[in-house]
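Q: Got a minute to go through this model with me? Symmetry first, then the sheet.

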Number of protein chains: 4
Amino acid sequence: MTTQFHGIIGYTITPFSHDGEQLDLPALGQSIDRLIDGGVQVIAPLGSTGEGAYLSDSEWQQVAQYSLERIGKRVPSIVSVSDLTTAGAVRRARFAQQHGADAVMVLPAAYWKLSEAEILQHYRAIGAAIDIPIMLYNNPATSGTDMPVELILRIVREVDNVTMVKESTGDIQRMHKLQLLGEGQVPFYNGCNPLALEAFVAGAKGWCTAAANLIPALNQQLYQAVLAGDLAQAQALFYRQLPLLDFILKGGLPATIKAGLGMTGLPVGEPRRPVFGLDEPNRVKLQGLLDELRQLK
Amino acid sequence: MTTQFHGIIGYTITPFSHDGEQLDLPALGQSIDRLIDGGVQVIAPLGSTGEGAYLSDSEWQQVAQYSLERIGKRVPSIVSVSDLTTAGAVRRARFAQQHGADAVMVLPAAYWKLSEAEILQHYRAIGAAIDIPIMLYNNPATSGTDMPVELILRIVREVDNVTMVKESTGDIQRMHKLQLLGEGQVPFYNGCNPLALEAFVAGAKGWCTAAANLIPALNQQLYQAVLAGDLAQAQALFYRQLPLLDFILKGGLPATIKAGLGMTGLPVGEPRRPVFGLDEPNRVKLQGLLDELRQLK
Amino acid sequence: MTTQFHGIIGYTITPFSHDGEQLDLPALGQSIDRLIDGGVQVIAPLGSTGEGAYLSDSEWQQVAQYSLERIGKRVPSIVSVSDLTTAGAVRRARFAQQHGADAVMVLPAAYWKLSEAEILQHYRAIGAAIDIPIMLYNNPATSGTDMPVELILRIVREVDNVTMVKESTGDIQRMHKLQLLGEGQVPFYNGCNPLALEAFVAGAKGWCTAAANLIPALNQQLYQAVLAGDLAQAQALFYRQLPLLDFILKGGLPATIKAGLGMTGLPVGEPRRPVFGLDEPNRVKLQGLLDELRQLK
Amino acid sequence: MTTQFHGIIGYTITPFSHDGEQLDLPALGQSIDRLIDGGVQVIAPLGSTGEGAYLSDSEWQQVAQYSLERIGKRVPSIVSVSDLTTAGAVRRARFAQQHGADAVMVLPAAYWKLSEAEILQHYRAIGAAIDIPIMLYNNPATSGTDMPVELILRIVREVDNVTMVKESTGDIQRMHKLQLLGEGQVPFYNGCNPLALEAFVAGAKGWCTAAANLIPALNQQLYQAVLAGDLAQAQALFYRQLPLLDFILKGGLPATIKAGLGMTGLPVGEPRRPVFGLDEPNRVKLQGLLDELRQLK
C-alpha cells in the first residue's frame, strides 16, 4: 500500500457554540475552506487540536461526516480515530472509511499504561477492520504512552496498512532513528511545530500542523524552500514563524488557534471545559505576533 | 462538612462477559459482598481498578446505580466520577449523589495539560453541582496531571465540599507536606499500595486499595496494628503482603485483581481491550503469592 | 565480617577560614566533640556535608587524620573516601584505614557515566586494598550515578567487605526492595533526612545525618522511639523536626549546617566557593526554626 | 571582545601509559598534528573527551602546556579549565592564558547543586581573572547542572569575556531560543554529535567534536556543505556519519575515540579507571563502522 501524503497537513479545530455545548458545523466548514485556500496538501480532522477526545460518540461522528463531505476530495484527508478502547477506535476507523477518509490516524490513548504487545494488538485490530492506510501517532505528552522507534517499526512491519508515522516527542533524534532503522523506507511526519525546519532537514515527508489555520503561506513557503534545497531561505522562514509556533504550542493548540481564527474573522468559540479559552494578556500577545507576521510579508 | 471515611477503602472491579462487551452485574454484586465480608470500612466503585475510563456513559450509569444499590449503605461509598470534560464529570457527580453515594472521587483527567486555574475551576464546577463530599485524587501516572500540594490545599480551601485528598504519586514526602501545610486538618488517603505502611505512619486516614478484593484480612490487620500503635506488628504485616502489593501494581490492577478473583472462586472476565488479561506466567506467579499468604495465616 | 553500626550517624562539616582558603582544624575538633556530646552512635567525616569533594588531596588527608585522632575511638568512625578515579579512592581508603577508621564510605562519583561493570570493579579494587568494612553509598543527585537495588546487592555479594548500604535516593521503595531482595541480611542506612521516620519503619539500621550537628537530642529521641516500637511518639518527634530537616536539605547541607553551628556558638566559616553561605533571609528562617525547637523541648 | 571561532572544533584525548598511571605526551602531540592535518578550524584540549576531570593538578598543567606548545598557534585553541572549586578554575584559566590559549571553556561542574547566583559568580570570578574569551559550556549530563537559556544569556550580558556558548543538552530547541532571545548576536556551538546537522541549520557557528580524531574529512565536508547552503549534500553527509557519531556518544567518548585512534595507527592507551576501555564486541563494531566509511569515500 503506497501513499503520497506529503507537505503541510493542516489540522482542523472543532467550533462550538458560546457555551461549549453545541457543535458549530458551518464554522467548521469555513475553517476547512480556509485551509484549502491556504494551500495545505492534506487536511486532518479530529486530531488533538480538533478536541476529538472531548466529544461524545455522536458528536464525533457528526464532525467526521461533515468534515469529509466539506473537504469533498479537494485534498486528501486523514481522520483521527483514537479512542481509549480498541472497540471504540475500530468503530471510528470504520466510520471514517465509510464516509470517504483517505487515511486514519491512531494515537494509542491510554488510562492504564499499555505494554508493547497491547499496543501492537490495538493497531492490528484497527488495521484488520479497514482498508485505508493508518498513520501511527506517537505523542507521549497527550497519550501517556511513548512508543520507542523499535516498536514503531515493528508495528509498521506487522500491520500492513500502518504506512506512516507521525512523531511528536520533540526529540529530533527519533526521526534520525526512524530514517536509519527504517532504511529510508518508512515515511515519517513531524507533529512538533518548533521542530518544523529540523524535521524536514532530517527527512520528514510532511508537517502536521494547526498553524496552517493562521499562517498557511509561511508554512507552505518553508516546505517549498526545503523542497528546493534552499537552506538559507528555509532558515530565514523558520525563524520568522518560530515565535508564533512556540506560542501556539505553549498556549495550547485549541485555545490559541481558536483565538487566532476569531482575530482573523472566523469566530469558532472556545475550547470545551475544563480547557480555557485564551486569556486577555495572551490574546494581546497573539494579536501582536500575527500583526508582525503580516507586516513582514 | 465533616467526614468519617477511614481505614481500608476497597476498590471494585467491573466484571465483563468473556468478549469484554457486556457488563456482568451479578458478578459485580458478589465482589461487593466479598469486600464487605472482608471488613472494608468503605467501598469505592468505578475507580482506576474499576475501568471507569473504559465504559460508555450508559454503562457507567448502570455500574454506578447497581453498585450503590448492592452496597445498600452497609458501608459508606465513594464513587469515582472523573471525566475528561467538566460537563461530563458534573453529570456523573449528580447521578452518583441522586443514587445514594456518600461521596465522589475526582481525578483531573486530561488530554490537553491543565493549568492550575483550569483544575480549580473543574473542581469548583463539580462542587457547586452536588452536596456530598469530594475526594480530590492526585495520580499523575494515569491522569497526566500532577497537582502540587499547594494547589491541592488551595482547592480544599476554596471548594467547600472538597474535604479529602487521595495521594497516589508514590512520593511519601507529599503526605508530609499535606500534613504540615494542612496543619493536620486535611484528611489524606493513600492510593499507592507499596506505601501502605509509610502512609499510615505519615498520618494517612485511610488506604485506598484494590488488594482488599484478594487479601482483605491482611489489609485490615495492618490498619489495626497501626491504630494500636504496634510498630513491630505493623512492619511484619506490611512486609508479608508487600510482594503481592508490588505484583498487583506492576501487573496492572484490573488484570491482576480480576485474575486473582477468578483464582479465588469468582470469575469476573478480563479487562477491556486494549488492556490484556494476565498472561500465564504471571498467573502462576500470582497463584504462588496467594498460596504463600494463605499458608502464613 | 560483621558490623554493629547503627543509630544516629553524625556527619561532620569541614570548617574553613573566612576566605575559604585555610582549614580550621580546631573548630573541626570542637564540632566532633559536640556530636559525641550529643549522643551520636557513629561519626562520619568527609562526606557530602564535609565538602570532601572540594578539598585538595593534602587537605583531605589532614582532615581525615585530624578527625580520626579527635574521635579517638570514643565512637566508631566511617570516613568517606570517594574520588573520581579508582586509584584516588584506593589511596584514600588505605589512608583512612592506616589512621584508624572503622569503616569507609564510597560513592561512585562520576564525570562520565559508569556502567555496572565499571562500578563493580571500582568497589572491588577498593575492597581489595583494605581490610575494614565499606559502606556503599547511593546518591544519584550528587554522584550522577543511580545504582539499582539489584546492582547494589550484587556488589554486596561479590565484594566481601562491602557490608553496608547507604540509600539517599529519597525513594522509600528502594529500602523495601533492599529488605525483601536482601532477605533482611543486608544492613541499610538512610541518607535522606525527610525520610527519617519511614526509613526506620522500613527497617533501616541507622540514619546518616548532618542534622545531629544542630538537633542531636531530637534525632536520638526519634531513633529511641522507633527502637521502643512507640509509633505515636516516633510520629510526633518526626513531625516536630521535619521543618528543620526539610530546610537543611533544600538550603544545601554545608551552607545550612555551618550557619546553624555559628548560631549555636561554634563559628566554622562558610562553604568553599562556588557554593555560597546561607543568605540573610534564610539565616533568619533557620534561627526561627532552631528557636522553635528549643522552646518545644 | 569579538571572536572568530567557527567550524570544526576538534577535542583532544589525553593518552596514558598502559597502566593508566603516566601521561604519554608524545602520543598527545601526534594526535594534535592529526587533528590539524585533518583540517579542524580550532583545537580544544582537556575537555570531557580529554578526561580533564580525572587528572591531578600537576598532570592537568603538563597537558595544557604541552598541548598549547604543540598547537603552536597553527590554529586557535580553547582550553577547558573547569574545576569543582572556583579557586581551582581561576588558577587553571590563568595558567591557560599564560601559556597562550586563545580562549578557555568553563563547565559549571558541581557536587552540590548550584543556584543561578552561584553559577553567575563562578563565571564572574573566572572572567575577572583573565583577558581572553570564555566559552560557557552547558552539559547537564556530565556537570549535573542545567543552565536555562535565560541564565546563559544573563551571564553573557554580565560577564564581558563570556562571548561563546557551547550547548550539549541534545535539545535543539535550546539553540532556537539562544538564537531568538540572543537576537542572533550570541555565537553558539554544538556539543551534541548526533545534532551536528540540525545545529548548523539552527545557526550554530561551530561543532565541538571528538569525532574529528577519526573522521575529520567527513566532519569538515558537512560543515562546508552547510556553508554552501547545499541542503541535500549536507543531509547525505550527515546520515553517512551518523552511525559513527551515535556509536562514539553511546560508547563514551574517551573509550571509543582512544580505541579508534589505536585502530588507525596511533596507540593512546585506555581511559583512566573506573572508566573502561572499549570491549571486544564494541571494538569489532567500531572497526566495521570505520571500514564502511572508508569505502564510501
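**Symmetry and sheet**

A: Start with the copies: in this predicted model, a 180° rotation with 0.0 Å of shift along its axis puts chain A on chain B, at RMSD 0.0 Å. Superposition is by least squares on the C-alpha atoms of residues with pLDDT of at least 70 in both. The two copies are thus related as by a two-fold rotation axis.

Q: Which residue of chain A comes closest to the rotation axis?
A: A:Gly144, at 3.4 Å by its C-alpha.

Q: And what share of the contact residues of chain A recur in chain B?
A: 96%, so the same surface serves both copies; contact means heavy atoms within 4.5 Å.

Q: Ground rules?
A: Residues count from 1 along each chain as its sequence is written, and chains are lettered from A, ligands numbered from 1, in the order written. Local features need pLDDT of at least 70, side-chain atom pairs 80 or more, while totals for chains, interfaces and linings use all residues; side-chain values use heavy atoms, without hydrogens and water.

Q: New topic. What is the strand order in the sheet of chain C?
A: S2-S1-S8-S7-S6-S5-S4-S3, 8 strands in an open sheet with parallel pairing. Strands are DSSP E runs of at least two residues, helices H or I runs of at least four, numbered from the N terminus. Pairing takes at least two DSSP bridges.

Q: Which are the edge strands?
A: S2 (42–44) and S3 (78–80) of chain C, each paired on one side only.

Q: What does S3(C) pair with?
A: S4 (103–106) of chain C, parallel, over 3 bridges. C:Ile78 has C:Ala103 as its bridge partner there.
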